[in-house]
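Could you walk me through this model in my viewer? Tell me what to select at each stop, and what I will find there.

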Amino acid sequence: MSNSFKDFCCQQNDAQKADEQFVGVKFEGGKPQIFFPYGCFFDIETVPDEELRETFSNLMGALSDQNLIEDAENSNYASTMEFEAKLDFPFQEFFFVLDYYLSFGLYHETEKVYKQGVHGKINWSRTIKRIQPQVCETENGSDIVYLDLISSYTTQNKNQLVTLIHEFCVAQAQRLIGPLYNIEQSVEPTLEFDYELFSTVLNEKCSKTFNDRKLRLFNAMQVIVEFLHGNSVNGTLSEFCFGVTSFAPIWEKMLDRIFGNLRKGEKKEAYNPHCGWLVGGREKSADDKKFAMRPDSIMWQGENIFIIDAKFYTNGNLPTSSSISKQMVYAEFAEQKGFASGEAIYNVFLLPYCHDADDDHAILRFVEPTTKAQTGPYMMRFLGTASGDWLDGSKPYHKIVGVQLDVKSVMRNYRRNEIAQYALAEKVKENCWTQSSLVQSVQKRINKN
């Protein structure tokens with residue numbers, strides 16, 4: 001295939017707003033275009049195809065994680081923006097149909113038939129269970145004789161409709177997503193699209209199939225048929241996509257999975273501050289559902305608690321005063337409620353960046369022991385600290401430590417990671433007590449007065 005994988009790729013950059021940009025795959029005129037999130041690559045033109053394909057695979061894995069998407073849709077971040085998961089295009093089903101074809105070829109239905117009489121190999125188990133034997137007297141005594149035998153033979157199903165439907169689905173998969181995997185169009189469908197016929201055959205096969213792999217294939221084909229029926233015009237798909245309108249809520253939820261670590265029996269809602277009015281002796285909530293005050297993640301390390309806010313900021317943007325003030329409130333609330341002493345509460349901002357081999361001196365790297373579930377390295381680095389001039393810096397949470405995380409390493413594995421939690425805690429504590437110029441200037445003004 002003449003096109004390189006890079007020809008299908010583009011990404012968010014510092015000149016664009018990350019919270020307004022689509023991430024995923026768009027198909028326009030039947031041709032795919034991949035939109036990577038900010039922080040995956042410095043210069044996509046210099047990235048080898050192998051690395052692009054690996055990152056694409058990780059991105060598709062995240063976007064296909066239904067639990068992750070549902071959590072993102074219900075997140076506080078998503079409620080403050082026009083977030084939409086556009087996942088109607090059955091990408092994983094197309095991929096499975098194509099992968100099955102590459103592994104086993106076109107599906108050919110065969111079935112084992114059992115009949116009385118010798119038509120093939122005798123099945124003694126079925127014969128003994130189902131046939132009444134005859135007792136014959138001989139010179140040596142009595143013998144048990146089976147006059148009827150059950151034999152089995154394999155017959156090619158004359159009805160090749162399932163094979164032809166699989167052929168049709170493979171052809172569509174090769175046309176739509178084949179270019180992303182360097183797969184040329186090699187299968188031409190024998191049948192034209194016939195929704196009623198395809199759907200009837202596949203529904204019947206699904207109801208009578210108990211083999212997991214076959215059932216997964218039939219279900220995938222059924223989903224593809226339903227999608228084509230609802231989205232094609234004159235048998236042709238024009239424009240559609242598989243992705244999200246903003247990556248920020250996905251980022252927030254991936255980091256919560258890695259670093260979220262509540263104590264046994266706790267619920268995150270316990271850390272949410274609430275506001276209210278008392279008017280005429282009656283209480284009325286002042287909480288705004290769209291801008292509710294609730295931390296993104298709570299991470300416990302021993303007796304220390306880390307209150308985390310995930311920000312998918314680009315173009316050198318940093319959290320502003322509203323976000324900084326919220327973090328201070330979360331920490332003060334945790335102290336006031338007695339979750340921990342003020343000296344054991346830490347504030348953290350987590351932001352994206354793209355790891356460069358040239359800045360290894362600034363990177364904290366950690367790798368899990370070699371196991372079948374090895375996650376590989378996460379990349380993180382200290383960014384800076386944020387504070388407010390109304391606080392004296394006497395408690396660790398008076399300073400919010402900014403830490404950047406490499407986007408590719410997060411997408412690679414976003415399961416809970418205790419090593420990552422420990423590493424983040426150490427990085428935050430290491431940089432928390434360093435006096436910032438802002439705090440120093442505040443202290444100087446206090447001293448003068």
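Start by selecting Asp-194, which sits in the loop between α6 (161–176) and α7 (195–208). Keep in mind that you are looking at a predicted model. With a relative accessibility of 34%, Asp-194 is partly exposed. Show its side chain and add Leu-197: a polar atom of the Asp-194 side chain lies 3.2 Å from the backbone nitrogen of Leu-197. Now add His-229 to the selection. Although 35 residues separate Asp-194 and His-229 in sequence, their C-alpha atoms are 8.8 Å apart in space.

Next, select residues 248–259, which form helix α9. Is this helix enclosed or open to the outside? Because 11 of its 12 residues are buried, α9 is largely enclosed by the rest of the structure. Colour the buried ones and you will pick out Trp-251, Met-254 and Phe-259 among them, along with charged-type names such as Glu-252, Lys-253 and Asp-256. For a check on geometry, draw a distance between the end C-alpha atoms of α9: they are 16 Å apart, in agreement with the 16 Å expected for 12 residues at 1.5 Å a residue.

For the last stop, select the cysteines. How many disulfides does the whole structure hold? The search finds zero. Go to Cys-40 and measure across to Cys-354, which has the closest cysteine sulfur: the two sulfurs are 7.4 Å apart, too far for a bond, since a disulfide needs them within 2.5 Å. Cys-40 is buried, at 0% relative accessible area. Finish at Cys-169, which is also buried, with a relative accessibility of 0%.

Technical notes. Residues are numbered from 1 along each chain as its sequence is written. This is a predicted model: local features need pLDDT of at least 70, side-chain atom pairs count only at pLDDT 80 or more; totals for chains, interfaces and linings use all residues. Side-chain values use heavy atoms; hydrogens and water are left out. Buried means under 20% relative accessible area, exposed over 50%, partly exposed in between (1.4 Å probe, protein chains only). Helices (H or I, at least four residues) and strands (E, at least two) are DSSP runs, numbered from the N terminus. The expected span of a helix is 1.5 Å times one less than its number of residues. A polar contact is a pair of N or O atoms within 3.5 Å; within protein, one must be able to donate a hydrogen and the other to accept it, and residues adjacent in sequence count only if both atoms are side-chain atoms.
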